[in-house]
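This briefing concerns the arrangement of domains in one protein chain and the surroundings of its ligand. Please consult the sequence and the structure shown here before reading on.

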Amino acid sequence: MNSPLADLGVRTPVLAAPMAGGPGTPALVVAAAQADSLGFLAAGYKDVATLTEQIAEVRDNGVPFGVNLFVPSPQPIDPAAFQDYARAIAPEAHAHGVDVRTIGIVEDDDRWHEKIELLLSQPVPAVSFTFALPDAAVIRSLRAAGTLVIQTVTSPAEAAQAAEAGVDMLIVQASAAGGHSGTFTPQHTPASVPLPQLLAAVRHTVSLPLIGAGGLATPDQVAGALRAGAGAAMVGTALLRADEAGTSLPHRTALTAPTDRGTTVTRAFTGRPARALRNHFTERYSDLAPGGYPAVHHLTSPMRRAATAAQDPERINLWAGTGYRQTRAESTARILQGLTTTL
Ligand SMILES: Cc1cc2nc3c(=O)[nH]c(=O)nc-3n(C[C@H](O)[C@H](O)[C@H](O)COP(=O)(O)O)c2cc1C
């Protein structure tokens with residue numbers, strides 16, 4: 001592999017995606033690195049103390065790793081739309097003893113400045129960004145601290161902006177990806193362009209090294225992404241049932257349930273487009289949900305937490321990419337290596 005990743009010691013060109021909300025763990029990141037791949041700690045939703053501890057835990061193993069941040073990209077919610085949506089979903093939350101009418105509008109920045117300060121004072125090998133492009137000054141400071149800076153993009157236009165801002169590498173994320181889309185324009189549902197086609201279009205636009213992500217579930221699909229211009233692939237969903245993943249039991253179970261749920265891109269849980277397994281909540285509320293991250297995330301979060309504790313898969317955000325039927329319950333190392341067999 002001839003890229004900045006090789007300089008970090010990466011030899012297995014299938015990387016472990018950051019997975020906020022539980023599935024991503026320090027153990028998964030360490031296991032990926034020990035398999036000559038690279039994993040990313042998810043800083044999203046975490047407080048700085050927890051992130052600091054998790055970085056220390058991975059660092060103690062003496063392996064390369066990355067940290068992924070949600071870049072503030074506030075899509076302020078219309079208060080009337082927020083109230084209407086809270087009223088609509090109230091019975092679902094009530095089923096788990098949660099009263100959403102007591103939840104106000106929260107428009108926070110996920111502790112952006114504190115997290116950047118941490119990553120500048122204790123630099124890590126790689127940082128990746130999603131949801132928006134940080135200021136060029138932040139990118140410059142991280143690079144000056146010796147950190148490889150990687151930006152998630154979902155279109156050639158976003159790739160051009162990221163290149164202009166001075167990042168080192170791009171993650172090109174297709175809409176088949178599980179979890180949130182990294183789109184810079186969350187008010188639009190990302191176009192469903194197959195990953196090889198998206199990679200070719202981005203390759204045509206910028207000369208930065210590319211990592212392809214979204215829907216990669218088989219060795220042939222990984223090989224296809226590399227042929228289309230990516231220097232490496234990145235998988236999230238393929239690792240959701242890994243031994244080292246922190247995926248909840250109802251989420252793991254839903255991935256392999258005999259009735260094939262299929263996936264859908266929905267704003268129902270967070271106000272930002274994300275791909276999830278279809279369930280009662282996506283079917284009933286996707287058309288009603290207003291755009292508005294992070295307010296909708298904070299509105300539904302207590303219900304999702306209670307539903308997870310109660311093992312109720314119908315009211316949880318079961319993030320999953322289109323390749324979810326191929327997931328396997330085995331070690332992170334075996335899953336990553338298994339995806340490279342045709343290379
Ligand atoms: C459960 C889950 C959580 C995710 N959390 C993050 C995250 O915190 N940051 C991020 O940049 N991407 C996140 N993603 C998206 C991944 O980075 C990646 O783009 C995606 O998993 C690739 O598609 P695949 O799931 O089909 O492999 C998440 C994906 C999943 C499935």
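Buried area is the accessible area, taken with a 1.4 Å probe, that two parts lose on being put together, summed over both. The model discussed here is predicted. By this definition, domain 1 and domain 2 bury about 1200 Å² between them, and the protein buries 96% of the 590 Å² that the ligand exposes when taken alone.

**Domain layout**

- The domain assignment places 4–74, 110–246 and 326–338 of the protein chain in domain 1.
- Domain 2 is made up of 76–108 and 262–317.
- A distance of 26 Å separates the C-alpha centres of domain 1 and domain 2.

**Interface between the domains**

- Contact involves 20 residues of domain 1 and 11 residues of domain 2.
- Of the area buried between domain 1 and domain 2, 49% lies on carbon and sulfur atoms.
- On the side of domain 1, the residues that lose the most area to domain 2 are Pro-74, His-180 and Pro-186, which together account for 34% of what that side buries.
- Between domain 1 and domain 2 there are 9 residue pairs in polar contact, while the rule finds 0 salt bridges across this interface.
- The side of domain 1 that touches domain 2 comprises 8 nonpolar, 11 polar and 1 charged residues.

**Ligand surroundings**

- The ligand has 22 residues around it, of which Asn-68, Gln-173, Gly-215, Gly-236 and Thr-237 come nearest.
- A polar backbone atom of Gly-215 lies 2.7 Å from an oxygen atom of the ligand.
- For Gly-236, the distance from a polar backbone atom to an oxygen atom of the ligand is 2.9 Å.
- A nitrogen atom of the ligand is 3.4 Å from a backbone N or O atom of Pro-18.

Technical notes
Residues are numbered from 1 along each chain as its sequence is written. This is a predicted model: local features need pLDDT of at least 70, side-chain atom pairs count only at pLDDT 80 or more; totals for chains, interfaces and linings use all residues. Side-chain values use heavy atoms; hydrogens and water are left out. Domain bounds come from an automatic or database domain assignment. Contact means heavy atoms within 4.5 Å. A salt bridge is a side-chain nitrogen of Lys or Arg within 4 Å of a carboxyl oxygen of Asp or Glu. A polar contact is a pair of N or O atoms within 3.5 Å; within protein, one must be able to donate a hydrogen and the other to accept it, and residues adjacent in sequence count only if both atoms are side-chain atoms. Ala, Val, Leu, Ile, Met, Phe, Trp, Tyr, Cys and Pro count as nonpolar, Asp, Glu, Lys and Arg as charged, and the others, Gly among them, as polar. A residue is near a molecule or strand if one of its heavy atoms lies within 4 Å of it. Accessible areas come from the Shrake-Rupley method with a 1.4 Å probe; for residues, only the protein chains shown count as cover.
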